Amino acid sequence: MSAVLEVDSVSKRFGGTTALRDVSLELNEGEVLALLGDNGAGKSTLIKILSGVVKPDDGTIKLDGEPVTIDSPHAARELGIETVYQDLALFDNTGAIGNFFAGREKTRFGWLRWVDDRGMRHDTEEIVDRLQVNLPSADAEIGLMSGGQRQAVACARAIAFGKRIVILDEPTSALGAREAGNVLKLIREAAEQGVSVIVISHNMEHVIEVADRAVVLRQGRYVGEEQPTKQTQEKLVSMIVGGGDR
């Protein structure tokens, strides 16, 4: 496996508080990497750095072996990095088409430039079908959908446009077992298509089910990693809470 993303000695301070201290990790092509840690461990700061929302104070980030500067969400998207936060950032009064193409509408050219509604509908239906997202229709209002359907739309949008990396913050939070299972299936299908996925989750069962590898942060530091299995679950939990500290 080749490393798509390399984070090398990244640090971030907010005033007198150090949110990240010399964190290094790698993400491989087509890999699902779980990012674990208690609240305040630095997970959110790290994904905000990778998403272009926050700038690191120190360290380097490489994509496909080349150093990159991710100084805005737009820059992250241009590099093929898409992020889904817990609030999903969906428009409730429109359907999947409007949410998929908000801010990146397809256009056609003639005497005048106009929005390619037919093309966007075709692409949305193709994405929904390819990723097996169960929706009433491409036009159904997001605000009327279940939590699982809303999460699936947000994840599908990220997977469809995240050419290299998709970052998901607690993608199964507050979902029932069936809806969570559909989202986990979507994540695995993305990885099988060569997309690299970073998942933040507090649900160890879901991590074991979907992730190839788990990295643990604690108090802003990298403390270790494991292949998440039933056998390594106790060790991962111990790293998260600091049970092995002396």
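Visitor: Which residues does Ser11 touch, leaving out those up to four places away in sequence?
Guide: In this predicted model, Ser11 touches Leu20, Arg21, Asp22, Pro56, Asp57 and Asp58.

Visitor: Is Ser11 buried or exposed?
Guide: Buried, because its relative accessible area is 5% and the cut-off for buried is under 20%. Ser11 sits in strand E1, residues 3-14.

Visitor: And how far apart are Ser11 and Gly98 in space?
Guide: They're 37 Å apart, C-alpha to C-alpha, with their positions 87 residues apart in sequence.

Visitor: Switching to sheets: what's the strand order in the open one with 6 strands?
Guide: The order runs E6-E9-E10-E3-E11-E12, with mixed pairing. Strands E6 (81-84) and E12 (221-226) stand at the edges; each has a single partner strand, so one side of each has no neighbour in the sheet. On average, neighbouring strands here are turned by 20° against each other, ignoring direction.

Visitor: In what sense do E3 and E10 pair?
Guide: Parallel, over 4 bridges, with E3 covering residues 32-36 and E10 residues 196-200. Val32 stands opposite Val197 in E10.

Visitor: OK, cores. How many residues are in the largest nonpolar one?
Guide: It has 50 residues, and Val32 and Val197 are among those with the most contacts inside it, as are Phe100 and Ile187. Helix H5 (residues 147-161) gives the most to this core, with 8 residues.

Visitor: What is Ile187 in contact with, beyond its neighbours within four places in sequence?
Guide: Ile187 is in contact with Val32, Leu168, Pro171, Val197, Val199 and Val210.

Visitor: What other core lies apart from that one?
Guide: One of 27 residues, including Leu25, Ala41, Ile49 and Leu50.

How values were computed: Residues numbered from 1 in each chain as written. Predicted model: local features only at pLDDT ≥ 70, side-chain atom pairs only at ≥ 80, totals over all residues. Heavy atoms only, no water. Core = buried A, V, L, I, M, F, W, Y, C linked by side-chain atoms within 4.5 Å. Buried < 20%, exposed > 50% of the residue type's maximum accessible area, 1.4 Å probe, protein only. Helix = DSSP H or I, 4+ residues; strand = E, 2+ residues; numbered from the N terminus. Contact = heavy atoms within 4.5 Å. Pairing = 2+ DSSP bridges. Axes fitted to C-alpha atoms, helices over the stretch in contact; angles between N-to-C directions.
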